[in-house]
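Me: I have a structure open and would like to learn how to read its sheets, its pockets and its buried residues. Could you walk me through it?

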Amino acid sequence: MNRSRSLKNILTVRVSGQDPERFFNLCSFHGILLEDLRPDREGFLFSMEAPGFFKVRRLARKAGVKLSILEKRGIFFFLRRNRARLAFFAGIVSCTGFLYYSSLFIWDIHMEGNLKYTDSALLSFLEDLGYVHGMKKSGIVCEDLEKEIRAAYGDITWVSAEISGNRLIVRVKENQVIGTEEEEAESALSGDLTAAKAGTIVSIITRAGTPKVHAGDVVEAGQVLISGTLEITDEGGNLLKTEEVRADGDVTARLLYHYEDSFPLATPVRHYSGEETSRHYLWFLGKRLYLPGGKNRYEASDRIDRYTKLHLWGDFYLPIGWGTVTAREYEEAFRVYSEEEAKEQARLRFETWCENLSASGTVLEDTQLTVTVEDGICRSTGLVQATESIAVRGEP
């Protein structure tokens with residue numbers, strides 16, 4: 001039985017009596033289709049669509065035969081038999097519709113790879129651009145989003161945005177020299193490797209192309225390190241021909257970083273009283289529905305927002321969740337550092353800066369820091385001698 005027939009309301013009927021042939025002739029004369037006609041111990045069986053049964057019943061009385069319905073098939077009869085369970089089936093249909101509707105929107109925005117910038121800072125930036133929970137997936141152009149982030153954050157050098165299920169996943173890399181596909185395609189025309197920064201060459205390894213500098217050479221930013229023009233010479237060193245290739249190699253240089261920082265000795269600090277209050281909420285379709293109680297009545301406080309979103313499997317999230325906003329009371333005051341304390345703070349800030357520099361792949365060889373305290377300001381200057389890879393493709 002094909003699918004279109006299975007959706008129809010079909011009756012299996014037995015005809016019994018003295019003259020079933022006359023009944024069949026009357027049905028044929030009136031254009032009534034009887035299917036699957038076959039003999040039975042008490043007469044004949046046939047199938048027909050339910051709406052036509054009332055018409056053949058009049059023809060049966062005229063032919064003097066009896067009709068008995070043996071089986072009823074179809075959606076109408078199914079619903080009628082299960083009318084006590086209609087609420088259950090309606091719930092299934094509603095749930096299916098809700099899941100389909102939910103799949104058209106973004107219900108979770110997830111950040112990966114960010115170290116310097118917090119999730120909340122990047123999510124706030126995305127919100128200003130209109131990328132929020134509950135937006136339609138069809139309105140997201142991942143390439144445009146990637147360009148917006150790279151333009152706003154200079155030290156985020158690589159961004160990848162993708163939609164998985166109903167999640168928007170944004171992956172970033174910070175402090176790494178990684179070009180976009182468009183930049184790589186443009187630079188492939190020249191194929192040169194140039195210096196990203198000024199420094200003294202420590203080592204150079206050429207895999208493709210012609211080296212233009214050697215260990216010990218001092219280079220400026222933008223200077224060609226490995227040329228994409230390959231020179232082919234004979235045994236006597238005479239140039240035979242040149243070929244354009246995509247330069248490839250590793251160039252390490254020693255360079256200097258200059259460090260500057262300052263902060264006032266009178267620094268605002270927060271003294272937490274230990275008092276806090278929590279307010280619970282339900283999250284539905286991108287809106288927060290706060291439950292009664294737990295309002296923040298403190299004059300000064302910070303907030304910690306913890307929330308959970310439901311998801312069925314993998315990256316399929318539902319627009320349903322719950323969370324708690326905890327407010328912690330504090331009092332603002334000023335702490336005045338002594339000269340020794342200020343110098344210690346300056347040293348810690350410098351160490352943090354060096355750690356971030358090392359995290360980007362730079363090898364620190366020597367550091368110097370000078371701290372002075374004058375007129376209520378602590379000022380720091382420093383020099384960092386380091387080695388790092390400086391080869392980039394094209395102009396830096």
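Reply: Gladly. Let's begin with a term: two strands pair if DSSP finds at least two bridges between them. Please keep in mind that this is a predicted model. For a small case, β10 and strand β12 (residues 224–227) pair in the antiparallel sense over 2 bridges. Within that pair, P211 stands opposite I226 in β12.

Me: What holds paired strands together, and in what order do the strands of the sheet with β10 lie?

Reply: In general, strands of a sheet pair through backbone hydrogen bonds, either parallel or antiparallel. Here the order is β10-β12-β8-β22, an open sheet of 4 strands with antiparallel pairing. Its edge strands are β10 (210–211) and β22 (391–393), each of which pairs on one side only.

Me: Which sheet has mixed pairing?

Reply: Look at the open sheet of 3 strands in the order β5-β7-β6, where the pairing is mixed. The strands at its edges are β5 (108–112) and β6 (156–164), and each pairs on one side only. From one strand to the next, the twist averages 15 degrees. You can follow one pairing in detail: β5 and strand β7 (residues 167–174) run parallel and are joined by 5 bridges. Find I109 and you will see L168 of β7 standing opposite.

Me: Which helices lie across those strands?

Reply: Two to look for are α6 and α7. Helix α6 (residues 119–129) lies across β5, β6 and β7, and runs at about 130 degrees to β5. Helix α7 (residues 142–152) lies across β6 and β7, with an angle of about 150 degrees to β6.

Me: How many bridges does β15 form with β9, and how many with β21?

Reply: Strand β9 (residues 199–208) is joined to strand β15 (residues 248–264) by 7 bridges, and the two run antiparallel. On that pairing, I201 stands opposite A253 in β15. Between β15 and strand β21 (residues 377–389) there are 13 bridges, again with antiparallel strands. There, E260 has T381 in β21 as its bridge partner.

Me: Now for pockets. How much space lies in the second largest pocket, and which residues are closest to its centre?

Reply: The general idea is that rolling a probe the size of a water molecule over the atoms shows where empty space is left. In this model, the second largest pocket holds about 710 Å³ of space. It is lined by 21 residues, of which L123, E127, H133, R288 and Y307 are the closest to its centre. The elements giving two or more residues to this lining are β5, α6, β16 (266–284) and β18 (301–313). You have already met α6, which gives the most to the lining, with 5 residues. By class, the lining has 8 nonpolar, 5 polar and 8 charged residues.

Me: One last feature: is L67 buried or exposed?

Reply: The usual way to decide is by relative accessible area, where buried means under 20%. L67 has 17% relative accessibility, so L67 counts as buried. This residue lies in strand β4 (residues 65–73). Leaving aside neighbours within four places in sequence, L67 is in contact with V13, R14, V15, F23, F46, F53, V56, R57 and A60. For a sense of distance, try the C-alpha atoms of L67 and L312: these residues are 245 apart along the chain, and the atoms are separated by 52 Å.

How values were computed:
Residues numbered from 1 in each chain as written. Predicted model: local features only at pLDDT ≥ 70, side-chain atom pairs only at ≥ 80, totals over all residues. Heavy atoms only, no water. Axes fitted to C-alpha atoms, helices over the stretch in contact; angles between N-to-C directions. Contact = heavy atoms within 4.5 Å. 1 Å grid on protein atoms, 1.4 Å probe; cavity = no way out; pocket = protein on both sides within 12 Å on 5 of 7 lines; lining within 4 Å. Points joined across faces, edges and corners; volume = space filled by probe spheres on them. Nonpolar A, V, L, I, M, F, W, Y, C, P; charged D, E, K, R; others polar. Buried < 20%, exposed > 50% of the residue type's maximum accessible area, 1.4 Å probe, protein only.
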